[in-house]
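Good morning, and thank you for coming. I would like to take you through one protein model, beginning with a loop and then turning to the sheets and the helices.

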Amino acid sequence: MTKRVLIIEKEHPADLAVYADVIGKAQPRVEVLMAATEDEALSRCGGVTAIIAKAHSISAEVVAATPRLDWVQALTTGTDHLASVDLPPGVVITSARGIHGPQMSELAFMFMLAFLRDIRTVLGDQEKAIWSRRPQRLLYGKTVVIVGVGAISEALAQRCKAFGMITIGVSSMPRSAAGFDEVVGRESLLEVAGRADFLIVVAPYSPATHQMIDRSVLAAMAPHAVLINIARGKVCDEAALVEALREKRIAGAGLDVFAVEPLPPDHSLWGLDNVILTPHIGGMSDSYVRQTLPLVLENLGFYCAGERHRMRNIVDRQGNG
């Protein structure tokens, strides 16, 4: 039986043709449908058994209009959004975990270097034609504590080691991991937060990680330390963070994610001079299709062969891993 696969790409519609062309050549018996808008997705759901899309682009309405759906390939690492769209129990979800290491790491480095090199002052001096030399702080020898140990954090930790940094991971299941000098359990978060020059959050959002970075963690951080959150906004207690930043109890924060997105124009974070904000761009890259296609093709091959159990990155819908 021919499989009907719907690919949804609302943010970068030009990518649709690339996905369709490569999938069509690799799996000529698969009927590929494309949608760049919600209306297009709803109009093309008939007979569809699989959806390939970024998790946040899959609406409850599209799921309801796809009664034969049995597989969702998320083009994102995070799939928490899908918990709210009422997917039937038999639907297998696979994520894009493992592809985001380069872009997420580079964003983390942008934040770290911007704070260490005081980029705001540098750009201000440039605008005013001021020649002002000052001592430069280095990443070399600094301690980075990465909360959440997985594919992204391993990619980040290995890059940190290349800069001569000390790397500590915090994990729900402590284990040795590439690039880390030390990995501790979450029960040690307060202790290692106190050792951090940079505390970087990459942990996925779940009830267990809700506001994990709370007042006690922020209080444990040194006054010169910087918090970087590139995971999910709700992993951090935003109200407590604003207080800590206003009172200069930590040096600053680099934030790509927020409890409410887009970040409301009247939010307190906008007005703080020790914060650098980016609009949830951590997972984006100019080669996203090339990064995701090998995984998509591999899982699609298993899907067409009736071997869904062999797919990579199957999501535990009970939240057990």
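Let us start at Gln 211, which lies in the loop between strand E9 and helix H8 (215–220). The names follow DSSP runs, numbered from the N terminus: helices are H or I runs of at least four residues, and strands are E runs of at least two. What is the sign of phi at Gln 211? Phi there is positive, near 50 degrees, in a residue other than glycine. A second loop, the one between E11 and E12, holds Pro 262. The peptide bond that leads from Glu 261 to Pro 262 is cis, and its omega is near -5 degrees.

A word on the basis of these statements. The model is predicted, so to speak of local features requires a pLDDT of at least 70, and side-chain atom pairs count only at pLDDT 80 or more, while totals for chains, interfaces and linings use all residues. Residues are numbered from 1 along each chain as its sequence is written, and side-chain values use heavy atoms, with hydrogens and water left out.

As to confidence, pLDDT is the predictor's confidence in each residue, on a scale from 0 to 100. The protein averages 95, and 98% of the residues score at least 70. Among its elements, the lowest mean, 96, belongs to H1, and the highest, 99, to E9 (residues 198–201). Where pLDDT is low, the predicted coordinates should not be read in detail.

I turn to the sheets. Two strands pair if DSSP finds at least two bridges between them. One open sheet has five strands in the order E2-E1-E3-E4-E5, with parallel pairing. E2 (31–35) and E5 (92–94) are its edge strands, each with a single partner strand, so one side of each has no neighbour in the sheet. From one strand to the next, the twist averages 15 degrees; axes here are lines fitted to C-alpha atoms, for helices over the stretch in contact, and angles between N-to-C directions run from 0 to 180 degrees. Within this sheet, E1 (residues 4–8) and E3 (residues 50–53) are joined in the parallel sense by four bridges, and Ile 8 stands opposite Ala 53 of E3.

Which helices lie on these strands? H1 (residues 15–26) lies across E1, E2 and E3 and runs at about 175 degrees to E2. H10 (residues 288–304) packs on the sheet and touches E1, E3, E4 (71–74) and E5, its direction making about 170 degrees with that of E4. Contact means heavy atoms within 4.5 Å.

The other open sheet has seven strands, ordered E8-E7-E6-E9-E10-E11-E12, and the pairing is parallel. Its edges are E8 (182–185) and E12 (275–277), each with a single partner strand, so one side of each is left without a neighbour in the sheet. E7 (residues 166–171) and E8 run parallel and are joined by four bridges; Val 183 in E8 is the bridge partner of Gly 169. Helix H9 (residues 238–246) lies across E10 (226–229), E11 (252–255) and E12, at about 140 degrees to E11.

Finally, the helix pairs. Two packed helices are described by the angle between their axes and the distance between the axes. For H1 and H10, the angle is about 35 degrees and the axes are 11 Å apart. On the H1 side the contact includes Val 18, Tyr 19 and Val 22, and on the H10 side Leu 293, Val 296 and Leu 297 are among the residues met. The residues of this contact divide into 11 nonpolar, one polar and one charged; Ala, Val, Leu, Ile, Met, Phe, Trp, Tyr, Cys and Pro count as nonpolar, Asp, Glu, Lys and Arg as charged, and the others, Gly among them, as polar.

H4 (residues 101–116) and H6 (residues 151–162) pack at about 50 degrees, with axes 8 Å apart.
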